[in-house]
Amino acid sequence: MIQYNDYELLYLMSEFDEEAERIFFEKYSNLIKARVHKFKIKSRYFDDFVQEGYYMLLVAIRTYDEYAGKSFNKYFDLILQRKFIKIIAKER
């Protein structure tokens, strides 16, 4: 199996490579689930937050600017955590 870095995957996705998209989602699946656990989300809402995480991954892919000085991983983690904080605050 070929190992791709984030920048290669982002490029391939811009060329509409579906395999790159699948690899990207698999790669970030563990980070999304780790953040859901970090925020101590109740098990009944776990899947909803994971789905929201995948949506935020799509948002990060579309809005990421490699020249902004942050790695994609850090950028995605930041917007993911902000989204979870916003959802939790809204529910309270």
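**Figure 1. The start and end of helix H1.** At the start of H1, the backbone nitrogen of Tyr7 has a side-chain oxygen of Asn5 within 2.9 Å. The model shown here and in the other views is predicted. Just after H1, Phe16 adopts a positive phi of about 65 degrees.

**Figure 2. The buried residues of helix H1.** Asp6, Leu9, Leu10 and Met13 are the buried residues of H1. They lie on the same side of H1, because the arc they cover around the axis is only 100 degrees. H2, H3 and H4 are among the elements that cover these buried residues.

**Figure 3. Helix H2 and its kink.** Helix H2 comprises 21 residues, from 18 to 38. From its first C-alpha to its last, H2 reaches 30 Å, close to the 30 Å expected at 1.5 Å a residue. H2 nevertheless contains a kink of about 35 degrees, centred on Tyr28. At the start of H2, a side-chain oxygen of Asp17 comes to within 2.9 Å of the backbone nitrogen of Glu19. Just after H2, Lys40 has a positive phi of about 55 degrees.

**Figure 4. The packing of helix H2.** Tyr28, on which the kink is centred, is also one of the buried residues of H2. The others include Phe24, Phe25, Leu31 and Ile32, together with Ser29 and Arg35. The buried residues of H2 pack against three helices: H1 (6-14), H3 (46-63) and H4 (72-91).

**Figure 5. A network of salt bridges along helix H2.** Salt bridges link Glu19, Arg22 and Glu26 in a network. Between Glu19 and Arg22, the closest N and O atoms are 2.3 Å apart; these two residues of H2 are three residues apart, about one turn of the helix. Arg22 also forms a salt bridge with Glu26, with the closest N and O atoms 2.4 Å apart, and this pair, likewise in H2, is separated by four residues, about one turn of the helix. An α-helix has 3.6 residues a turn, so residues three or four places apart point the same way. Glu19 counts as partly exposed because its relative accessibility is 40%. Arg22, at 37%, is partly exposed, and Glu26, at 48%, is partly exposed.

**Figure 6. A salt bridge between helices H3 and H4.** The side chains of Glu52 and Lys83 form a salt bridge, at 3.8 Å from N to O. This pair links distant parts of the chain, since Glu52 is in helix H3 and Lys83 in helix H4, 31 residues apart. Glu52 is partly exposed, with a relative accessible area of 22%, and Lys83 is partly exposed at 25% relative accessibility.

Technical notes: Residues are numbered from 1 along each chain as its sequence is written. This is a predicted model: local features need pLDDT of at least 70, side-chain atom pairs count only at pLDDT 80 or more; totals for chains, interfaces and linings use all residues. Side-chain values use heavy atoms; hydrogens and water are left out. The expected span of a helix is 1.5 Å times one less than its number of residues. The bend at a residue is the angle between axes fitted to the seven residues ending there and the seven starting there. Buried means under 20% relative accessible area, exposed over 50%, partly exposed in between (1.4 Å probe, protein chains only). Contact means heavy atoms within 4.5 Å. A polar contact is a pair of N or O atoms within 3.5 Å; within protein, one must be able to donate a hydrogen and the other to accept it, and residues adjacent in sequence count only if both atoms are side-chain atoms. The arc is that of the directions from the helix axis to the C-beta atoms. A salt bridge is a side-chain nitrogen of Lys or Arg within 4 Å of a carboxyl oxygen of Asp or Glu.
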